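Thanks, everyone, for making the time this morning. I would like to talk through the charged pairs and then the pocket, so please have a look at the structure before I go on.

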Amino acid sequence: MRPIIGVTSEPKPTRGSSGDLDSHVIGHTYTDAVLRAGGLPVVLTPVPNEDVPALLERLDGLLLSGGGDIEPRRYGEEPHPTVNRTNAARDEFEIALTRAALAIRLPVLAICRGLQIVNVALGGTLIQDIPSALGSIDHTIIGHAVYNGHQPVTVESDALVAKAIGATDLMVNSIHHQAAKDLAPGIRAVAWANDGVIEGIEHEDDRWPLLAVQWHPEYLSSNSDEASHRLFEGFVDSARLT
């Protein structure tokens with residue numbers, strides 16, 4: 001049986017029969033990548049914190065998807081003017097998911113905002129705006145370019161990400177203006193861009209199979225990028241063991 005993978009959704013307005021309707025959506029690139037890797041994706045929407053453990057009991061793996069910024073108050077800072085698309089309910093839900101997943105060592109694949117959520121949930125902080133903080137504009141290429149690797153990333157050879165994809169030097173896409181800053185207790189950086197921005201993290205507890213990357217492998221996987229496909233396969237293989 002395919003392992004069941006919960007994929008977090010993003011709140012967005014959609015057009016309904018009565019006009020604009022607040023909805024929970026997820027790009028098909030995420031669910032397609034899970035299916036190609038052998039998993040069975042199910043879309044998750046926010047539930048009360050007390051129901052999160054019961055929800056995770058029904059899953060074999062958790063995919064924390066990309067999306068808008070995390071509210072800076074979650075890590076004790078005032079918002080930079082560039083902070084956008086925050087949603088308190090999503091932050092609360094995904095932080096609760098992360099903490100509960102760590103408690104039961106549930107396999108997690110965290111992508112872009114997902115990596116940031118893991119770091120914030122466990123006590124870390126974020127660079128709120130890479131261009132103004134570091135002077136780098138290499139991380140915000142959008143449009144059709146997201147389907148192709150254009151930014152070099154180096155991964156530690158002993159990292160879970162490197163073991164999953166079978167490589168330590170990658171060309172990835174880059175679609176973010178925020179990144180991990182102060183790492184949470186128990187979290188270590190395992191991948192970096194040339195400008196020093198953290199592009200991958202994992203947990204020091206090797207009983208928790210956490211794959212967390214700042215780039216978007218779901219886009220690359222849909223363009224037949226083998227490294228990205230192997231990342232999803234590694235995640236789904238870990239979920240088979242739960």
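Glu71 is buried in this predicted model, since its relative accessible area is 16% and anything under 20% is taken as buried. Its salt-bridge partner is Arg73, with the closest N and O atoms 2.8 Å apart, and Arg73, with a relative accessible area of 54%, is exposed. That pair therefore joins a buried acidic residue, Glu71, to an exposed basic one, Arg73.

As a general reminder, side chains of opposite charge can pair when their charged atoms come close. How many salt bridges does a search of the whole structure find? The search finds 15, and I will pick out a few of them here.

Let me turn to Arg85, which forms a salt bridge with Glu10, where the closest N and O atoms are 2.5 Å apart. Arg85 sits in the loop between strand S5, residues 61-64, and helix H3, residues 88-104, whereas Glu10 belongs to strand S2, so this pair ties together parts that are 75 residues apart in sequence. Glu10 is itself buried, at 11% relative accessibility.

Set beside that the pair formed by Arg15 and Asp20, whose side chains meet in a salt bridge at 3.6 Å from N to O. Are these two residues buried or exposed? Arg15 is exposed, with a relative accessible area of 67%, and Asp20 also counts as exposed, at 57% relative accessibility.

There is also a group that goes beyond a single pair, because Arg90, Asp91, Glu94 and Arg113 are linked in a network of salt bridges.

Now to the pocket. The largest pocket holds about 580 Å³ of space, and 30 residues line it, those closest to its centre being Gly66, Gly67, Arg85, Ile175 and His216. Arg85, which we have just met as the partner of Glu10, is thus one of the residues closest to the centre of this pocket.

Which elements give two or more residues to the lining of the largest pocket? They are strand S2, residues 10-16, helix H1, residues 28-36, helix H4, residues 113-121, and helix H7, residues 217-222. H1 gives the most, with 3 residues. If we divide the lining by residue character, we find 9 nonpolar, 15 polar and 6 charged residues.

Technical notes
Residues numbered from 1 in each chain as written. Predicted model: local features only at pLDDT ≥ 70, side-chain atom pairs only at ≥ 80, totals over all residues. Heavy atoms only, no water. 1 Å grid on protein atoms, 1.4 Å probe; cavity = no way out; pocket = protein on both sides within 12 Å on 5 of 7 lines; lining within 4 Å. Points joined across faces, edges and corners; volume = space filled by probe spheres on them. Helix = DSSP H or I, 4+ residues; strand = E, 2+ residues; numbered from the N terminus. Nonpolar A, V, L, I, M, F, W, Y, C, P; charged D, E, K, R; others polar. Salt bridge = Lys/Arg side-chain N within 4 Å of Asp/Glu carboxyl O. Buried < 20%, exposed > 50% of the residue type's maximum accessible area, 1.4 Å probe, protein only.
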